[in-house]
Every structure is written in structure tokens, then in C-alpha cells.
Amino acid sequence: MPVFGGSLEGSRVSSRHKKDPHDFDNIHSNLLQRNLKHVLNPQDNSMEPTAAKRANCVSVESNNATSEAYKMRICVATCNRADYSKLAPIMQAVKKDEELELSVIVLGCHLIDDYGSTYRYIEQDGIYIDSRLHTIVRGEDEAAMVESVGLAMVKLPDVLLRLKPDVLIIHGDRFDALSLAASAALMNIRIVHVEGGEISGTIDDMIRHSITKLAHYHVCCTERAHSRLLAMCEDNTAILLAGCTSYDKLLNTDSTNSSAVIQKWVPLDGQPHEYIVALQHPVTTNIKHSLKMFGLMIDALLDFGKKVIILFPNIDAGSKEMTRVMRLKGVEHHPDFKTAKHIPFEEFIVLVANAGCMIGNSSAGIREAGAFGTPVINLGSRQTGRETGENVLHCREADTTQKIIHALDIQYQKQYPPSYIYGDGHAIPRIMKFLKSIDITCETQKSFVFPPMPASHSRDIDHILETQSALAVDLGGTHLRVALVDNHGTILIQESSATPASNEERMTRLLEMLMNISQKAISLNCRVLGVGISTGGRVDPSQGVVKHSTKALEGWSEIDLRTPISSLLHLPVWVDNDGNCAALGVRAFGCGKGIDDFVTIATGTGIGGGVVLGGKLIHGTNFCAAELGHTKVSLGGPVCQCGGTGCVEAYSSGLALQKEAQRLHADGALGQGDGLIENDQPVSAKHLIDAAKNGNNDAQEILNRGAKAIGALVVNLVHILNPSMVVLCGVLAPVYFETVRNVVRKDTLPSASNLDVRASSLQEPALLGAASLVLEYATRRTY
């Protein structure tokens, strides 16, 4: 679930005294303990929740602190019968929540008798309407739609000024919703757009995507909608994939208890699965064609001879002409037809669930009908692009009556399994949590996340007076390093410590080192933009959580690094695996700069790495991409820390070399008479390397074997990924480099033998890569 951050420079400010995050002397030890408790016990609820923080917020207008908890003002605006069915569950949930205050605006065709005066159903549901706005200019043509948009924008400012909402919730793709979005955006009111990112193939797409660009937050229904929002440069942290709100009701509705509803709406004692629901709306980009298709549909239904419930179209341009077609063909008085301006949603879904078929171009046929497996015939282009289940048969060129009748023959009373593309029945709890996470204290200026591109030339006085920098952390199995790194990759300050044994000790030491260096950054006139963390284990970068530990960092699993560090320093925090960070360091400050496809192999206590393809770092489905140390280069071989055998890490890592050095030393074959090892000095990989330099053949053979294992890994990578460059980095890179290059030249295919193999000159690639996480994103131009 996204959690929103932001500055406290908004319409509301904290009534608590804010301490200087860089003033280490004034940080109380209980703050460290509170953050540690949250990290080590993620289920503990003693951390102050967002709602509690909000309770300490007061209005700037009052200028007086108050002990009474502030209620976030949520305004929901509904324009028609369709969007009310999606917004009603949100309204009811907000109304019941003691931390929120609901206001409701009703406009559009809700207030028109020809379309059912559906505002009355809102009142019947026990929802108080704070404002009724008559915004529809009658005429039902293109000009009337434009005039209606303008009329709504004339009336809305007074209402919004009176209600003073913190958040305005808008649904869908109607022209009325566009008026709401434009008005709220110009009045600096936060907008939550429900069901953005979808495609329906008409002018609705343009309206929907326009509202998306005006909205600050997004609640979408499907993975594809989520992906489209990201493609439209929306911030992922401002997007909630919740599912469709109507599914919360329809999946909990007993649709088998249908007799009363069917008797009410189906003509002549209809029975379940022996009637058709017809609902077609005008396509405003081609009204003439949609009128013809509507007439052909009615002719086909008349010829098909089954009972039909037909709803009047919506108020889009062309609806008046469609109503005239219905009357000319006599369906209002036909014994097999029942017409309806509006059917309450609870009854509508019962009718859809028990229909023999649904026909037309309404989104209800795509969304709600799928949950029941009801057969659907979708006519024309209006829903082209929407995700559908197997229950939908498209008839995009519905140009003859016979073609539509043939579709009816195929679909009528056919059985399909339910599909849950649009929801699982739990959207409302997710949306409520999402709404409460919105920080109403931050400014309302929206920023977009554009793809990486060369920065334009820009000069800023702050950049001249201050040095842009990042706090960088490299947490390994042996050492914990924290540094202040500037935007040129220069390490300005660095502190190092042995990695503590327990999680609590690690977090305590890490927070202390970060606070210490952030304090020193002030004296260097550095502007710290954020914290980047490189750590061993499997890391979920989107959440800032270490998912699984390595043997070198025992117990370092399910650790939330982002929350406590961000809370303590009031800075954004990025986290990634140490191998990935090494690759990022090489790309930002080393020989990988400007290279789109390369692999970095990090040598140290273990063996890690990072893969950059097409200019993007590859994480993999479960964040296990580029676990190069656990690539097998032998079917047997020594046992690796992962439990397998024959892994590269079992031959080439610092721990593997240390084990071999200890074996040689125990046999009296390491540094005999050379004074390489002093009394009681622990034997390490360094002693093995020194022995090889002094002519110890056994030591040299062990190093050659480790280098050949790395070489075999590189050969495999070349034949699988075909990168343009492979970079060795870390303390063992100089030891292995020549042998690795020779193995690659000898064993790769001729067409790949020109691979550029390099040893990185960076002393701290993972630390610099952690800094680049901050410097790349925090300095990216936002608009």
C-alpha cells in the first residue's frame, strides 16, 4: 500500500516542535529506540500512525492550536447513475469513519427527470447531499456537452469554497467529471481519480486521461490500468491498485434470490436466464453510425423474440436521437419489452446475473457481467480496449441485423465461468487505508515521473552555494560503511565499523553513523538530498525492505530500512542489493557511464553482481536477478553457503579463499619462514594472496581456480545476455582480472570474443552506487 510523504509546508502544519534533523546532540535516545522497535517488530503498532499525526494538525486559518482531532474533509462528487454505483460504497465507508468528514456534490443528469431523477436514490441510501448543481444544458448534442462543462465550471467554485474539501474524489470519464477535475486542480484541491488508466475506445478515453493528468492520486482496477498510469508518467506511490468498488457489493449479493426483482422488471412473468438486458449509449465521435447500430440492435431483438429489458441511454450527444429511435420502433409499448430510465444498482446486478444475455456497449457488460459469467454481446467500438473475460463476444462491425442475430444465437443462455479481472470484493478497505495515508500537510503541486533523459542546462543559486550530496550506506557481512558523497562521486566523509552481530545492534549503529555524518555535512555546506543503502540479501527496492538475508548477514530478513531512517532524518530513502548498487556505481561514476548493456561482478566476502540491459537495472520477478555468486560452474565442487555445490561463490569469494588459506596454514604450507602470519593473527584471504605473490604454488593454484570460476561465469553471461562489457569490481578484482580475461578470450564463441572485460578503478563501487540511487532520482527534473 502506498504511503505518501511530503514536506510540512502545506495548508496544515504540525503543532509539535520540529527538531533539526541534523542536530545529533538533541536527538533523544527514545527516538532511536522507537524506530528500532518498528523495524525489528513490524507488527508493533506503537509507531504513531498517520491518523494520530493528523490529529496534531491544525488549520492555518484559525492560527490557534487545538486538542481536538482534525477530520480530513473528503468530498465525493457524483454525476450520473453509473458513477454513483461505484462511488456509493466509498461514500458509505467515509461516512462511517470517525476520522473523516464526508460532503457530497450531486450534479449532471442525477437532477433531470428524463434520466430518472436519480439523486433520490442517494437520499434513500441515507447520504446527505451538501450541494445540488443543475449543470446540464439540454440539447443532447456536442455543443450542449461543451456548454454543460462550462456551466459546471461557473457554478463549482462557490461550492468548493464553501465545502473546503481536503480531497475531492472523482470517478471515470464523463464530461461532468472533467469540469470537476479542472475546477479542483485550479483551486489547489487534491484530486483522487477512481478508475483511471482504462481504455474504452471513444472520446471517453481523452476525457479519462485528461482527468488523470489533473488528478494527484489514482485508484485503478486492473494491472493493465496501473501500467498505463505509469506509462503516462504518474508517480507509482500515488497509485492504488484496489479493484472495482462495485465488486465489493456484487460479489456479496445473493443473485439467486431473484424472483421479486425479475417480476418487477421483466415483462410477462419472466424467468431467470430467459430474458435479455439491453443497454447502449451513443458514441459521440460518430453519432450517425451509433444511431444506425442502435436501430439494428432493436430490430435484431424484435426478430429474436425474447423478453427484453432496455434501459435509456446516457445524456451524451446523440441520446435524444436514440430515444427517438426507441419510440419509432414502438418498444415502449411492445409486450416483450420493458423500458427503464434507471434501475437501482442492487436490482440491476441481480438482473444482469440472471440474464440469458446482455447486449449493447455499456461498460457494465464488460465489468459487472463478467463476475457472474453472464453472456455478453458488445456492439461497436465504445468498449474497444477494455479487458474482458471469455463471456464477451465482440461485434465491432454490427452493420446488419443478421449479424447481431447470429451473435445472439451464439451467446443466449450460454454458460461461462465468472471472471474477476476487475476486482476481488475488497476494494473499499484498501481505498480507505489509501485515503488516510494522504498527507494533507504537503503542497498540492503535482510532479510527473518522466523516463530518464539528458538533463537540460540549468543553473540554480542553491546549486552554486551548496554541494548536492547523498548519505550512502554499504552494509556488508564484514563492514558497515557510511559516507557523504557529492554529485561528482567524491567521498567527502566516510566512517567504517565492523558489522554488528544482531539486527538491533546493526540498526542502532547505522542510525548513529547516519546522524553523525549528517551533522558533519552542515559544516561542509552540503545539501543532503537523501539516503541510499546498499545491503546484502534479497531487497524489494519499491518498499525499502530486505526480504531475505544471506549467510554473511544472518537474520537480516523482513527488515524495513526505509521507514525508521526516513522518520529520523526526514529524508527520502532508497534501498537495493549490494551487487545491484555496485553496478549502479559503475554506471554513474565508472567505466559503465553511457553503456546501455553491461554486467558488474562484485567480489568481496561473497560474490554478487548487477545486470544493466537497455540502460535499466534488472531486478527480476522476486528480486533474485544477478545472484551471480550462486551460478553453478561445476556439477560437484565445494559446498556453498547457500547449501548448493559448485557455485562461483564457493570457489572465488573472500570466505572461500579464507577457508583455503586456513587449510594450507593448518598443513604448514602457507607462508612458512616468510613471516607472513604473526602469532595469533587470524588467517585471511589476504594471507593467501600474499603467499602467492611470494611464490607459493599452492596458494597461486587456489587463486587461479577462483579466477577460472569467475571466467566461466563471464562466458555463461556472454552466451546468455551478450553484454557489451563485463566489469570486475571489489577487492579481488585485480587478483582475478588477467586470468578471467584469458578464459573469456579462449572459451567464448568467436562472434562474442571481442567482449570488453575491465577491472573497475572505483574503490567503493557499492557505496557510490548507493549514493547514485539518491543523486539520480532526487536531482531529476520534475515538472
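## Thr284 in its loop

Thr284 lies in the loop between strand 10 (275–279) and helix 11; the model in which it is seen here is a predicted one. Because its relative accessibility is 11%, and buried means under 20%, Thr284 counts as buried. Leaving aside residues up to four places away in sequence, Thr284 touches Glu142, Met145, Ile203, Asp316 and Ala317.

## Helix 12 and its two sides

Helix 12 spans residues 319–328, and its buried residues are Ser319, Met322, Thr323, Val325 and Met326. When the helix is viewed down its axis, these buried residues fall within an arc of 155 degrees, so they line one face of helix 12. On the face turned away from that buried side, helix 12 carries the exposed residues Arg327 and Leu328.

The cover over the buried residues of helix 12 includes helix 11 (287–304), together with strand 11 (307–311) and strand 12 (337–340). Helix 11 is thus named in two places, since the loop that holds Thr284 lies between strand 10 and helix 11, while helix 11 is also among the elements that cover the buried residues of helix 12. After helix 12 comes Gly330, whose phi is positive, near 75 degrees.

## Strand 14 and its partners

Strand 14, made up of residues 376–379, is covered on both faces: Val376 and Asn378 are buried on one side, and Ile377 and Leu379 are buried on the other. Strand 14 pairs with strand 13 (residues 357–360), to which it runs parallel and is joined by three bridges. In this pairing Gly360 stands opposite Asn378 of strand 14.

Strand 14 also pairs with strand 15 (residues 392–395), again in the parallel sense, and here the pairing extends over four bridges. Leu379 of strand 14 stands opposite Cys395 in strand 15.

## The protein as a whole

These elements belong to a protein whose secondary structure comes to 27 helices and 28 strands. Of its 783 residues, 54% count as buried, and the surface that the protein exposes comes to about 34100 Å², of which carbon and sulfur atoms supply 50%. Among the contacts in the protein with a separation of 6 or more, 69% are accounted for by residues 24 or more positions apart.

Technical notes: Residues numbered from 1 in each chain as written. Predicted model: local features only at pLDDT ≥ 70, side-chain atom pairs only at ≥ 80, totals over all residues. Heavy atoms only, no water. Buried < 20%, exposed > 50% of the residue type's maximum accessible area, 1.4 Å probe, protein only. Arc of directions from axis to C-beta. Contact = heavy atoms within 4.5 Å. Areas by Shrake-Rupley, 256 points an atom, 1.4 Å probe, with all protein chains shown as cover. Pairing = 2+ DSSP bridges.
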